[in-house]
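User: I am new to this structure and should like to understand the reasons behind the terms applied to it. Please present it, and we may then proceed term by term.

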Amino acid sequence: MVRARLRLVAALGATLLIVGTLGWMWWSSLVPSTYSVMEMGYLDYGGGTRPPIAGHGMAGHGMTGHGMAGMSGTGHGNGGESRSVTDLDTDPDRPADVTVDLTARQQRFTLPTGEEIDGYTLNGSSPGPLITATVGELVEVHLHNASVPDGVTLHWHGVDVPNAEDGVAGVTQDAVPVGGDFTYRFVVPHAGTFWYHSHQVSHDQVVGGLLGPLVVQPRHRDTSVRDVVALAHLYGGAETVNGHAGHLQVDAEPGEQVRLRVINTDNGPLEIWSGEPLTLVATDGYDVHGPTPFTGRTVDVPAGGRADVLVAVADGGTRVQLTGDVSVVLGPDGARPPSVEQPERWLDRLHYGTPEATPLMRAKADRSFRYDIGHRLGFVDGRPGLQWSINGHLFPDLPMFVVEEGDVVRIRISNHSGDVHPMHLHGHHAVVLDRDGDAVSGSPWWVDSLDVRNGETYDIAFLADNPGIWMDHCHNLTHAAQGMVTHLMYAGVTEPFRIGGGAGNEPE
Ligand code: C2O
Ligand code: CU
């Protein structure tokens with residue numbers, strides 16, 4: 001009798017304990033409806049000095065509560081001065097060299113294929129207009145939101161702009177409401193291929209077409225090479241290039257050289273190849289040093305990433321395949337070069353091109369971070385299930401990577417989550433050091449979007465030379481919306497914006 005009763009009490013106790021623990025896990029995972037990303041998660045100094053940080057300490061409801069309450073803030077951080085992201089901006093007195101007006105709409109539109117899409121446009125089309133500038137010029141973009149109910153922003157993917165121009169809703173600005181305007185002004189510091197997209201409810205708006213290409217030309221451009229942008233995007237599940245399904249025909253003369261600027265705006269990797277020799281001349285807006293032509297290799301373009309390939313137009317035309325479904329045909333009208341099967345071998349960017357002195361690759365790190373991506377059971381904002389974890393933690397209890405201006409920073413990104421993650425750090429380019437211990441032996445490999453496949457570990461380094469608060473997230477925007485979002489924070493930088501709040505900011 002007594003024993004049976006004891007057993008019952010023990011069972012009840014265990015049940016209560018489990019229910020209580022689960023309840024606590026559920027409750028503590030709830031994300032407040034409005035918060036500053038500065039309060040998110042826990043501070044990670046990467047083994048470096050620990051400058052004081054204002055107003056920090058949030059992890060769901062279970063507020064860990066270290067740091068000071070409120071952010072009235074003067075006198076934190078390096079040198080004691082605090083700066084707001086809104087002050088980290090372009091010289092307001094410098095006149096613009098390139099001016100562009102972009103009007104964002106939520107609308108039904110017709111692709112060149114004739115397909116009707118419910119999505120988003122800029123100046124009535126998706127992709128939006130190509131913005132071109134020459135390196136060093138100041139680009140000024142007037143954004144107007146005509147009809148996007150959730151509000152919009154524009155982020156200049158891969159362009160290392162001042163923080164105030166980064167276009168992240170709730171981090172560097174408020175989402176622009178219907179009827180509202182925002183002016184972006186930034187100098188384009190690097191020649192290369194980039195793109196722009198909304199960073200408000202981006203898993204919906206970017207997928208729905210609120211994006212466009214941006215090309216920065218060098219001061220002395222080789223005009224003998226034809227320049228062609230090939231922006232790949234999935235609309236309603238169908239892959240397109242510049243909005244065209246099947247293939248994009250580009251008029252070119254046999255013998256002509258073409259620089260094809262491939263932009264992957266999707267959530268997954270894009271694979272490119274051709275039957276003609278390709279030369280990979282740039283990735284993520286940075287030139288490859290000493291590139292040589294290759295055949296029989298597939299090139300991976302991570303989600304968000306870009307690859308510029310140089311290819312000659314063959315007599316019967318040249319076809320460059322972007323995945324199996326779409327291609328670019330370079331040649332006279334009517335040219336139908338055959339498609340070729342995808343090569344099984346990959347171009348390994350670690351060993352492509354020739355080395356070039358890059359002090360950052362040898363520099364001693366001031367901070368070394370770990371960015372360990374896993375997949376485990378847990379709650380995120382009250383949702384139970386398998387979640388992406390970073391360094392074992394779940395959103396929003398994620399590391400806040402703290403740096404000081406001038407730091408040499410290393411990050412070891414490892415992935416054992418069962419899926420590929422295209423990792424994207426805003427505001428900086430990092431140089432790849434090695435993958436699984438295999439060091440770069442070719443050209444320096446600069447990235448803003450890096451595919452880290454399951455089982456891989458990359459070491460990358462960057463110089464902290466662009467103060468602000470920067471997103472560092474997975475560019476599979478579905479993953480980002482599920483919580484694969486962290487931030488890099490410069491000590492002493494504060495910000496007035498909030499996730500949620502009156503503007504309904506929701507960057508993912
Ligand atoms: Cu294409 Cu957070 O960015
Ligand atoms: Cu991901």
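Analyst: Trp 27 has a relative accessible area of 39% and is partly exposed, since buried means under 20%, exposed over 50% and partly exposed in between, computed with a 1.4 Å probe on protein chains only. Trp 27 belongs to helix H1, residues 2–29; helices (H or I, at least four residues) and strands (E, at least two) are DSSP runs, numbered from the N terminus. The C-alpha atoms of Trp 27 and Arg 7 are 30 Å apart, with their positions 20 residues apart along the chain.

User: On what basis do these statements rest?

Analyst: This is a predicted model, in which local features need pLDDT of at least 70 and side-chain atom pairs count only at pLDDT 80 or more, while totals for chains, interfaces and linings use all residues. Residues are numbered from 1 along each chain as its sequence is written, chains are lettered from A and ligands numbered from 1 in the order in which they are written, and side-chain values use heavy atoms, with hydrogens and water left out.

User: Why is Ala 230 called buried or exposed?

Analyst: The relative accessibility of Ala 230 is 0%, so this residue counts as buried. Ala 230 is part of strand E11. Contact means heavy atoms within 4.5 Å; apart from neighbours within four places in sequence, Ala 230 has contacts that include Val 241, Leu 260, Ile 263 and Val 328. Its C-alpha atom is separated by 28 Å from that of Asn 454, 224 residues apart along the chain.

User: What makes the pair Arg 83 and Glu 405 a salt bridge?

Analyst: A salt bridge is a side-chain nitrogen of Lys or Arg within 4 Å of a carboxyl oxygen of Asp or Glu. The closest N and O atoms of Arg 83 and Glu 405 are 3.4 Å apart, and the pair forms a salt bridge. Arg 83 lies in strand E2 (residues 83–84) and Glu 405 in the loop between strands E24 (399–403) and E25 (408–415), so the pair ties together parts that are 322 residues apart in sequence. Arg 83, at 34% relative accessible area, is partly exposed, and Glu 405, at 44%, also counts as partly exposed. The structure holds 19 salt bridges.

User: How do you know whether the partners Arg 226 and Glu 256 are buried or partly exposed?

Analyst: Arg 226 has 32% relative accessibility and therefore counts as partly exposed, whereas Glu 256, with 17%, is buried. Their closest N and O atoms are 3.0 Å apart, and they form a salt bridge.

User: What is known of the salt bridge between Asp 300 and Arg 453?

Analyst: The closest N and O atoms of Asp 300 and Arg 453 are 3.0 Å apart. The pair links distant parts of the chain, 153 residues apart: Asp 300 is in strand E18, and Arg 453 in the loop between E30 and E31. Asp 300 has 22% relative accessibility and thus counts as partly exposed; Arg 453, at 28%, is partly exposed. Elsewhere, salt bridges that share partners join Asp 227, Arg 259, Arg 261, Asp 287 and Asp 308 into one network.

User: Why does Glu 456 have no salt bridge?

Analyst: The nearest side chain of opposite charge, that of Arg 435, is 4.4 Å from Glu 456, and the limit for a salt bridge is 4 Å, so the pair does not qualify. Lys and Arg count as positive and Asp and Glu as negative, while His and the chain ends are not counted. Glu 456 is buried and is found in the loop between E30 and strand E31 (457–463).

User: What makes one space a pocket and another a cavity?

Analyst: On a 1 Å grid over the protein atoms alone, a cavity is a set of points where a 1.4 Å probe fits but cannot get out, and a pocket is an open set with protein on both sides within 12 Å along at least five of seven lines; lining residues have an atom within 4 Å of a point. Grid points are joined across faces, edges and corners, and a volume is the space filled by probe spheres set on the points. The largest pocket has a volume of about 400 Å³. Among the 22 residues lining the largest pocket, those closest to its centre include Asp 300 and Trp 445. There are 2 cavities of 30 Å³ or more, and the largest cavity holds about 120 Å³ of space.
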